[in-house]
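Here's a friendly walk through one structure, for anyone meeting it for the first time. Have a look at the picture, then read on.

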Amino acid sequence: MSLFISLTLNGEARDVSIDDPRVTLLDLLRERLALPGTKKGCDRGQCGACTVLVNGRRANACLMLAAGLDGAQITTIEGLARGEDLHPVQAAFIEHDGFQCGYCTPGQIMSAVGLIAEGDAGSDPERIREGMSGNICRCGAYHGITLAVQEASRRMAAKEEGDAA
Amino acid sequence: MKHFDYVQPKTMDEALASWEPGASWLGGGTNLVDLMKLGVTQPQRVIDLTRIPDLGEITFQQDGSVRIGAMVSNAALARHAGFAQHFPMVAEALLSGASGQLRNMATVAGNLMQRTRCAYFQEETAACNRRTPGAGCDARDSDEELRALLGASPACVATNPSDFCVPLAALEAQVEVRGVNGTREIPFADFHLLPGDQPERETALEEGELIIALHLSAAAAGFARHARYLKVRDRTSFAFATTAAAAALRMEDGIITEGRLALGAVAARPWRVAEAEALLVGHAPDAALFGRAAEAAMAGAEAPAHLEWKIDLARRTAARALAMAAVGTPARMPALPASPFGQQNGDLAHV
Ligand SMILES: Cc1cc2nc3c(=O)[nH]c(=O)nc-3n(C[C@H](O)[C@H](O)[C@H](O)COP(=O)(O)OP(=O)(O)OC[C@H]3O[C@@H](n4cnc5c(N)ncnc54)[C@H](O)[C@@H]3O)c2cc1C
Ligand code: SF4
Ligand code: FES
Ligand code: FES
């Protein structure tokens with residue numbers, strides 16, 4: 001079987017051939033499209049290391065069959081910065097020490113971008129912790145992660161207000 | 001993962017025609033793809049339902065009932081303002097399940113059809129009657145905590161892990177299914193089957209049938225002011241229920257006129273007992289009353305010695321859910337949905 005899908009990957013149109021329906025989005029990104037920023041932890045939806053945005057919503061790439069994604073817009077950690085300008089969530093993670101080893105970090109950051117877009121948590125730390133519970137950090141950097149998401153959420157809301165004014 | 005043939009039908013007719021024995025329907029894939037990786041499920045063909053039009057709509061009808069398309073995501077349903085206002089405990093249960101990422105992917109139908117989390121079911125080398133009929137049951141004499149206290153059989157002691165299904169049972173949802181012979185509706189109470197001597201038969205769906213929608217009545221929305229879901233788990237968030245309960249009351253002048261109570265994680269389907277609900281009617285909310293109702297709901301519960309605490313925990317979960325429902329539905333979804341921790345109440349919804 002060979003199947004062609006078209007993706008918008010980090011803003012760029014890509015035609016991808018899928019020769020095996022078992023290929024997940026995670027394996028497609030890492031093994032075939034040279035985008036190893038998205039990490040594989042559990043491969044079972046339990047850790048969040050593989051979080052990417054699919055059509056603007058956060059999802060676990062390890063449980064998605066790539067064959068089903070024709071027409072989808074995918075954003076990975078590689079697609080977040082604008083040149084040298086970091087995304088506000090990336091910058092906040094650095095400022096607040098939102099990591100130690102860094103393995104869970106791409107997933108944490110993509111999940112935070114998704115959570116902020118969902119708009120339910122705002123800068124309430126309890127809602128942020130609940131909203132980020134699909135991302136496990138083995139180093140236990142949770143305190144810094146919560147502060148970083150709070151900060152990024154505040155800055156992005158302020159920027160939006162500024163842009164609207 | 002075993003090889004399979006992948007199809008993505010564009011219409012319902014095409015989907016029904018692509019069915020063959022040994023095929024699996026694919027929703028969000030959060031359960032199916034996981035089980036395929038483990039080798040627990042080995043479909044010959046995977047039929048992806050995500051491109052069929054009209055399965056993704058939430059429609060309120062003239063009479064106040066709602067029809068929820070099978071492919072609506074768990075997150076979209078929980079966040080739909082009209083839905084969450086009319087059926088707050090369903091939204092709360094959905095938001096207490098899995099993670100933000102998984103809820104974006106998981107569908108309504110997939111949630112109803114998700115398989116048990118029994119560890120021996122998921123372990124290919126263990127004996128499991130549900131996975132391999134006649135193989136035996138390694139869970140029965142194990143220390144597995146996700147074990148049924150009610151409605152179990154010598155063949156299988158697994159539980160249904162869904163949070164969503166617990167309030168759906170309490171509110172008497174209807175499941176609309178479609179097969180080559182047409183469409184039919186299945187009352188929620190008949191949808192999930194107890195194991196008996198055929199634990200491999202899990203639902204009332206026939207071969208080749210698929211879920212196309214879920215219905216909740218206008219009467220079910222009548223509980224919106226006093227409806228809560230409570231879920232006890234090993235960690236604060238992102239864990240399956242150890243015990244859970246959905247409680248809904250209709251009150252007039254401080255007196256309960258109708259009560260609904262369903263327990264989760266204690267049986268192979270959400271557990272609802274008519275006598276327990278009847279006890280509530282005509283009384284003012286009261287801890288002793290809720291204790292008696294919880295006792296009645298758990299009548300006949302059995303557990304091995306090391307799990308007796310779970311019977312007690314299930315009773316207390318039910319009594320506490322009733323007490324929370326009596327206080328009233330919070331105006332805003334709690335920061336920790338369905339959790340016994342954190343701020344529970346605050347402003348109450350007067351819808
Ligand atoms: C790490 C993790 C944690 C979780 N925690 C929770 C939790 O706390 N609470 C909870 O309730 N759930 C939890 N879940 C389970 C999750 O809710 C289910 O996996 C999800 O709801 C399944 O939906 P899906 O659309 O992804 O289904 P799929 O994986 O696509 O399918 C699941 C099953 O449904 C069948 N199916 C799909 N669509 C249809 C249809 N239209 N008609 C008939 N059959 C169909 C499939 O063939 C398959 O057998 C968790 C899952 C994971 C991976
Ligand atoms: S309890 Fe049921 S699902 Fe678990 S091992 Fe026994 S037969 Fe299988
Ligand atoms: S690798 Fe996908 S959730 Fe762990
Ligand atoms: S920083 Fe090491 S796992 Fe999170």
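Strand β5 (residues 66–69) of chain B pairs with β8(B) in the antiparallel sense, over four bridges. One of those matches puts B:V66 with its bridge partner B:L216 in β8(B). Keep in mind that this is a predicted model.

β8(B) has another partner, too: strand β6 (residues 174–179) of chain B pairs with it in the antiparallel sense, over five bridges. Here B:V175 has B:L214 in β8(B) as its bridge partner. So is β8(B) mostly covered or not? It is mostly covered, with seven of its seven residues buried.

**Around the ligand**

β8(B) turns up again at the ligand. Along with β2 (23–26) and α7 (108–113) of chain B, β8 (210–216) supplies at least two residues of the shell around ligand 1. Which element gives the largest share of that shell? That would be α7(B), with four residues.

In total, 34 residues surround ligand 1, and the closest are B:W25, B:T30, B:L32, B:T107 and B:D163. The surrounding residues come from chains A and B, so the site is shared between chains. Sorted by class, the shell holds 17 nonpolar, 14 polar and three charged residues.

The protein backbone also gets up close to oxygen atoms of ligand 1. Three such approaches, with their distances, are listed here:

| Backbone N or O atom of | Partner | Distance |
|---|---|---|
| B:G28 | oxygen atom of ligand 1 | 2.7 Å |
| B:G29 | oxygen atom of ligand 1 | 2.8 Å |
| B:A239 | oxygen atom of ligand 1 | 3.4 Å |

How much of ligand 1 does the protein cover? On its own, ligand 1 has 990 Å² of accessible area, and the protein covers 96% of that.

**A sheet of four strands**

Now for another part of chain B. Four of its strands form an open sheet in the order β9-β10-β11-β12, with antiparallel pairing. The edge strands are β9 (227–232) and β12 of chain B, each of which pairs on one side only.

Let's follow β11(B) and its neighbours. Strand β10 (residues 243–252) of chain B runs antiparallel to β11(B), and nine bridges join the two. Along this pairing, B:E252 stands opposite B:I255 in β11(B), and B:A246 stands opposite B:A262 in β11(B). The two strands form a hairpin with two residues between them. In that turn, B:D253 has a positive phi of about 50°.

On to strand β12 (residues 271–272) of chain B, which pairs with β11(B) in the antiparallel sense over two bridges. B:A262 shows up once more, standing opposite B:R272 in β12(B). β11(B) and β12(B) form a hairpin as well, this one with six residues between them. The turn includes B:A265, whose positive phi is about 70°.

Why can β11(B) be called largely enclosed by the rest of the structure? Seven of the 10 residues of this strand (residues 255–264) are buried, so the description fits.

**Rings that pair up**

How many aromatic pairs does the structure hold over all chains? There are three. One of them brings together B:F83 and B:F87, with ring centres 5.2 Å apart and planes at 35°, so the pair is tilted. B:F83 is buried, with a relative accessible area of 0%. B:F87 is buried too, at 2%.

Another pair is B:F188 with B:F191: the ring centres are 6.5 Å apart and the planes lie at 25°, so this pair is stacked. B:F188 and B:F191 sit in helix α10 (residues 188–191) of chain B, and because they are three residues apart there, about one helical turn separates them. Are these two residues buried or exposed? B:F188 is buried, and so is B:F191.

**A stop in chain A**

Finally, meet A:F4, which has its place in strand β1 (residues 3–9) of chain A. A:F4 is exposed, with a relative accessible area of 63%; the cut-off for calling a residue exposed is over 50%. Along the chain, A:F4 and A:D19 are 15 residues apart, and their C-alpha atoms are separated by 8.6 Å.

Notes: Residues numbered from 1 in each chain as written. Chains lettered and ligands numbered in written order. Predicted model: local features only at pLDDT ≥ 70, side-chain atom pairs only at ≥ 80, totals over all residues. Heavy atoms only, no water. Near = heavy atom within 4 Å. Polar contact = N/O pair within 3.5 Å; in protein donor to acceptor, adjacent residues only side chain to side chain. Areas by Shrake-Rupley, 256 points an atom, 1.4 Å probe, with all protein chains shown as cover. Nonpolar A, V, L, I, M, F, W, Y, C, P; charged D, E, K, R; others polar. Buried < 20%, exposed > 50% of the residue type's maximum accessible area, 1.4 Å probe, protein only. Pairing = 2+ DSSP bridges. Phe/Tyr/Trp six-rings, centres within 6.5 Å; stacked < 30°, edge-to-face > 60°.
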